[in-house]
Amino acid sequence: MSLFAPTTTGLATASVRARPSAFAGTFAALVFSATVVTACVALAVSAAKAPVSPKQAELYDVGVAFSNLTVYLAIFVIGQVMSLAVAQRGRESALLRAIGAEPKQIRRMVATEALWTSVLALPVGYGLGALLARVWFDGMAANGMVPDGMTLTVGLIPLFTTAGVLVVCSQLGGMIAAWRASRTRPSAALADSAVQGGGRAGRVRATAAVAFLVGAIGLSVAAGAGSVEDAASEIPVVLLAYLVAIGLAGPWIGRAATAVAAPLLRRYGGVAGELAIAGARARSRRLAAAITPIAMMTAFAVVQFVSLTGEMDWMAVFGTLLYAGFTGLVAANTLVMLTLERLREFSLLRTVGAEKRQVRAIVVAESAITALAGLGGGALAAIAVLAPLGQKVGTPLSGLPVWVWAAMLVSGTGLVLAAHCAPLARMLRVRPIDGVTRRST
Amino acid sequence: MDTVLELDQVSRSYGRGPHTVHALRDLDARLHARTLTAVVGPSGSGKSTFLQCAAGLDRPTSGTVRLAGREISAMRERELTRLRRGRIGFVFQSFNLLPALTVQENVLLPLRLDGERRDPARARRMLARVGLEGRAHARPGELSGGQQQRVAIARALITEPDIAFADEPTGSLDQGTASEVLGLLREAVSSHGATVVVTHDPTVAAQADRVLRLSQGRLVQDTAPRGAVRDAAEALA
């Protein structure tokens, strides 16, 4: 059957309408991914077309390395956001199941929606990517880094690469998430007493987490045994393997962070602290969805800053800004998605008598737990990669001054807090009684 | 009798111009302590708006609402929230409980939000009153619909409010469970202030001390079924 079967397209449209915030979050993540992939591939392609010279060869290598890494990151990010968006719509798909939709139809609905979102995100991301490539190129030109005879042409290759990454990743991510969604019993997901993202993390998830952890350790041992150049180019891959392990182990990392933060929050956080602890414990899957992008942002920031201690040329600084910007935006986007789904919960609290500032205090306390888990997990991943490999590639971990660590901690926590609380102003303007009865945002 | 709730010429309209919807029109009502009042009427008659204005969840377009002598229709949001927390209880048709909290934590929530210390003994006494001894540490997901409604009633009454509002509290329950829940709301009336139930269910209305019937935003009938039965019984004796 065609992917565009009228019923499926109809279901997908209805599903987008039911939870516009989940759609907007996916769209934003796809646009960010498309932007960085387009920019990096455009640069690599332009360098390839330039007359051969040592400078040209070096730039081409850098462009290819950037392109590879952004594609890997995009796969990771899109898979994450798709799985969150599908999980947030658990109620709607359970309702569809209850009225007779087959699991197959749910999966096709997700696939259709993912495809349309990619199609819409592609031109926006491509346009922004072309702009970013121009800024990058002009910056290099200003620093005399552009090889003779090289011009920037964005063209079709970045477009096709980006389209491929977007469509393939969103389809794969959607398929995995929809498979999980279509297995849950409709009755369980429909119950009003169900916790959003409270499903128990299973044995498959734990096994996969351990497998990726072992794989990451294996990769770093192999990189340690190889040449210096190979080690340098493998660092991001090893880091991603650790991050996938963190993503999978998210519910357990969240639980550990909650246990660590609990005594302090109980002591100084009052009722908001208590509610945050209870919420973090119950919603471990959602907490995992928040932890992963923050860990990604932190890990890449640490690795980039450490590499800057080796050589701080224009290219390295730009790379750091690119990755920090991209991963930071993705993390913020995820946190906004996670807050937006909780209108009913906040409204119920308010009808019971919670003041607006108390609701804010709960979200702030939760941000503390999320930041602890995400920043901690990310820093550990970066340390796990750089402790054995940093020395080898000439940028040991010890080269990073304490103030940089402190600055990352402060700005990371600030970002988590700001993004988590950003939608609150609007959500707290909704009358509590309307929020309790409204199903979604 | 003590007047707990006083609505004076309350109107509530939505929108402007030719599309204005008048949800309540010049409604006057006085509700007394230790009475169970049922608000009935067809869908769109203004029942929910009545409840929201009376409970300070919505502001009337004109007119005044007084709760225990204080005018709530002019209160600011923060003051209203504090009032809700201490003097008003709520029970909704569904989604009353925070799924992440245990039964006991849900029941104690209004007190905790008010800055009081955790008092498990008080929660246990309240849970015993609604017939849920021993379920203090269960989560809402482990309870039946009727049990969840009982927890909601326990939470509504734990602050010993002046008035408790219930919006279709039996709407999603079977008949047996519904009458148990209603029984609890009736019992509550004897110990605290007033209870107001918005309902479609004629059996609920039949158990009330007083029935306010709304139609197109106006109060069209004000009867006292239980009082009437009692009067008849006294006349016969």
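**Exercise 1. Determine how strand β6 of chain B is joined to β7(B), and trace the connections onward to β8(B).**

Solution.

Step 1. In this predicted model, strand β6 (residues 88-91) of chain B and β7(B) run parallel and are joined by four bridges. Across this pairing, B:Phe90 stands opposite B:Phe165 of β7(B).

Step 2. β7(B) is also joined to strand β8 (residues 194-198) of chain B, by five bridges, and these two strands run parallel. Here B:Ile163 stands opposite B:Ala194, a residue of β8(B).

Step 3. Between β7(B) and β8(B) the chain passes through helix α6 (residues 175-191) of chain B, and the resulting β-α-β crossover is right-handed.

**Exercise 2. Establish whether the residues of β7(B) are buried or exposed, and assign them to the faces of the strand.**

Solution.

Step 1. The criterion for burial is 20 or more other C-beta atoms within 10 Å of a residue's own. By this criterion, five of the five residues of strand β7 (residues 163-167) of chain B are buried.

Step 2. One side of β7(B) carries B:Ile163, B:Phe165 and B:Asp167, and the other carries B:Ala164 and B:Ala166. Both faces of β7(B) are covered.

**Exercise 3. Describe the open sheet of chain B and identify its edge strands.**

Solution.

Step 1. The sheet is made of four strands of chain B in the order β2-β1-β4-β5, with antiparallel pairing.

Step 2. The edges are formed by β2 (21-32) and β5 (70-71) of chain B; each has a single partner strand, so one side of each lacks a neighbour in the sheet.

Step 3. For β5(B), the pairing is with strand β4 (residues 62-67) of chain B, in the antiparallel sense and over two bridges. B:Arg70 in β5(B) is the bridge partner of B:Leu67.

**Exercise 4. Locate the contact between the two chains and state which elements of chain B supply it.**

Solution.

Step 1. The contact involves 25 residues of chain B and 24 residues of chain A.

Step 2. On the chain B side, α2 (77-87) and α3 (103-113) each supply at least two residues. The most is given by α3(B), with five residues.

Step 3. By class, this side of chain B comprises 13 nonpolar, five polar and seven charged residues.

Step 4. Helix α2(B) may then be examined in more detail. Its buried residues are B:Leu80, B:Thr81, B:Leu83, B:Arg84, B:Arg85 and B:Arg87. These buried residues pack against α13 (343-352) of chain A, and also against β4, β6 and α3 of chain B.

**Exercise 5. Describe how the two domains of chain A meet.**

Solution.

Step 1. Chain A is divided into domain 1, residues 1-193, and domain 2, residues 195-441. Taken over C-alpha atoms, the centres of the two domains of chain A are separated by 21 Å.

Step 2. In chain A, 27 residues of domain 1 are in contact with 26 residues of domain 2.

Step 3. On the domain 1 side, the elements giving two or more residues are α2 (20-49), α3 (54-88) and α5 (103-142) of chain A. The largest share, 13 residues, comes from α3(A).

Step 4. The class composition of this side of domain 1 of chain A is 20 nonpolar, six polar and one charged residues.

**Exercise 6. Characterise the overall form of each chain from its secondary structure, radius of gyration and burial.**

Solution.

Step 1. Chain B has eight helices and 10 strands. Its radius of gyration is 18 Å, close to the 18 Å given by the globule rule for 237 residues, so chain B is as compact as a globular protein of that length. The C-alpha atoms of chain B fill a box of roughly 50 × 50 × 30 Å along the principal axes.

Step 2. In chain B, 49% of the 237 residues count as buried. Among contacts in chain B between residues at least 6 apart in sequence, 68% join residues at least 24 apart.

Step 3. Chain A has 17 helices and zero strands. Its radius of gyration is 22 Å, close to the 22 Å that the globule rule gives for 441 residues, so chain A is as compact as a globular protein of that length. The C-alpha trace of chain A spans about 70 × 55 × 40 Å along its principal axes.

Step 4. In chain A, 52% of the 441 residues count as buried. For contacts in chain A between residues at least 6 apart in sequence, the proportion joining residues at least 24 apart is 88%.

Technical notes. Residues numbered from 1 in each chain as written. Chains lettered and ligands numbered in written order. Predicted model: local features only at pLDDT ≥ 70, side-chain atom pairs only at ≥ 80, totals over all residues. Contact = placed C-beta atoms within 7 Å. Nonpolar A, V, L, I, M, F, W, Y, C, P; charged D, E, K, R; others polar. Buried ≥ 20, exposed ≤ 12 C-beta atoms within 10 Å, placed from the backbone. Pairing = 2+ DSSP bridges. Right-handed = clockwise from strand over helix to strand, strands pointing away. Domains from an automatic or database assignment. Rg over C-alpha atoms; globule rule 2.2 N^0.38 Å.
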